[in-house]
Each structure stands twice: as structure tokens, then as C-alpha cells.
Amino acid sequence: MSGPRVFRMIQPVDDIESAVAFYEPVLGHPGERIAVNRHYFTCGDVVLACVEAPLEHREPRPQRDPRIVYLAVEDVDETFRRVQAAGPRWIDDAIATQFWGERSFYADDPFGNPLCFVQEDTLYLGGPVS
């Protein structure tokens, strides 16, 4: 290994069952229940871990959370339809092509966690923007 790599991201949720009901159809697989309050979804080399913290350990969330989870998808149009059907708290009106070339849309899961879904073959991974 040449350096650190991200292998797991925690997605704080208020209700683990609602989280699974949202993420399972959006991500296209059922994931795996690890504990009564923790459900893992494998996304490539990274695990998206939905975690329902006990009430006494929950932190207040900012109005707009700056920690966006970016997910590369094979078909952003189909993903947009799946996210709409899954009941997000908020979703862009349409898919857009960003000035850096990515074709994507943003949405918030039912708990207000921001997500961005990007068409796989348009990923911007650094370098000059043309």
C-alpha cells in the first residue's frame, strides 16, 4: 500500500430500518446488518456504514452538512429514478453536467445526509478542467 486509503465512511442515521429502506434500492443491493444499529453497504472498495447512534450520543447536525458522499454509478439516469422513488429528503430537479465535465445530481437521504451520484465515465479525478 503506497499510502492511506478510505475503506469505510459512517453515514449517521436516525432510524436504521428507514436507512436500509432508502439505501437498498438506491445502491441496488441489500447490504449487511452488522449490529442492531449498524448496516454496511459495499460500494467498490469503500463500505458505506449506516449507523443509528443511541439518542444520548447523537450530535446536532448543521443546517447543510458539508460532508458529501460522492458515488460513481454506471447509469446516472436510472439512479436518479431510483433515488426519487426511494423517498429522499431533497433531490435536484434534474441531472446536470458540471463545468468540470461530470454528469451528476445531488440529493439528501431521509436524514439530511448529502449525496452526489456521478456518471462513472464522466468522473473528474483531478488535473486541468477543459
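Buried means under 20% relative accessible area, exposed means over 50%, and partly exposed covers what lies in between. Keep those cut-offs at hand for the exercises below, which all concern a predicted model.

**Exercise 1. Classify aspartate 75 and place it in the chain.**

Start with the accessibility: aspartate 75 has 37% relative accessibility, so it counts as partly exposed. Next, find its position. Aspartate 75 sits in the loop between strand 5 (69–73) and helix 2 (76–86). Finally, look at the charges on the surface: Glu74, Asp75, Glu120 and Asp121 gather there in a patch of negative charge.

**Exercise 2. Describe the overall make-up of the chain.**

First, count the elements: the secondary structure comes to 2 helices and 9 strands. Then read their order from the N terminus, which is β-α-β-β-β-β-α-β-β-β-β.

Now turn to burial and surface. Of the 130 residues in the chain, 34% are buried. The chain exposes about 8,000 Å², and carbon and sulfur atoms supply 53% of that area.

Last, consider the contacts with a separation of 6 or more: residues 24 or more positions apart account for 53% of them.

**Exercise 3. Compare the surroundings of glycine 31 and glutamate 32.**

Take glycine 31 to begin with. Its place is in the loop between helix 1 (16–27) and strand 2 (32–35). With 30% relative accessibility, glycine 31 counts as partly exposed. Leaving out residues up to four places away in sequence, glycine 31 touches His39, Tyr40 and Phe41. A C-alpha distance adds to the picture: glycine 31 and threonine 42 are 11 residues apart along the chain, and 6.8 Å separates their C-alpha atoms.

Move on to glutamate 32, which lies in strand 2. Its relative accessible area is 51%, and exposed means over 50%, so glutamate 32 is exposed. With the same exclusion of residues up to four places away, glutamate 32 touches Arg38, His39 and Tyr40. From C-alpha to C-alpha, glutamate 32 and valine 20 are 9.5 Å apart, with their positions 12 residues apart in sequence.

Putting the two lists together, His39 and Tyr40 appear in both.

**Exercise 4. Work through the salt bridges and say which parts of the chain each one joins.**

A general point helps here: side chains of opposite charge can pair when their charged atoms come close. A search of the whole structure finds 3 salt bridges.

Step one is the pair of glutamate 17 and arginine 33, whose closest N and O atoms are 3.2 Å apart. Glutamate 17 lies in helix 1 and arginine 33 in strand 2, so this pair ties together parts that are 16 residues apart in sequence. Arginine 33 is partly exposed, at 34% relative accessible area.

Step two is arginine 103 with aspartate 77, where the closest N and O atoms are 2.9 Å apart. This pair links distant parts of the chain, with arginine 103 in strand 8 (residues 103–108) and aspartate 77 in helix 2, 26 residues apart. Both partners are partly exposed: arginine 103 has a relative accessible area of 26%, and aspartate 77 has 29%.

Step three is arginine 81 with glutamate 78, their closest N and O atoms being 3.3 Å apart. Both lie in helix 2, 3 residues apart, or about one turn of the helix. Arginine 81 is partly exposed at 46% relative accessibility, and glutamate 78 is partly exposed at 31%.

Conventions:
Residues are numbered from 1 along each chain as its sequence is written. This is a predicted model: local features need pLDDT of at least 70, side-chain atom pairs count only at pLDDT 80 or more; totals for chains, interfaces and linings use all residues. Side-chain values use heavy atoms; hydrogens and water are left out. Patches are made of residues with over 30% relative accessible area and no salt bridge: like charges are joined within 9 Å, nonpolar side chains (Val, Leu, Ile, Met, Phe, Trp, Tyr) within 5 Å. Accessible areas come from the Shrake-Rupley method with a 1.4 Å probe; for residues, only the protein chains shown count as cover. A salt bridge is a side-chain nitrogen of Lys or Arg within 4 Å of a carboxyl oxygen of Asp or Glu. Lys and Arg count as positive and Asp and Glu as negative; His and the chain ends are not counted. The place of a charge is taken as NZ of Lys, CZ of Arg, CG of Asp or CD of Glu. Helices (H or I, at least four residues) and strands (E, at least two) are DSSP runs, numbered from the N terminus. Buried means under 20% relative accessible area, exposed over 50%, partly exposed in between (1.4 Å probe, protein chains only). Contact means heavy atoms within 4.5 Å.
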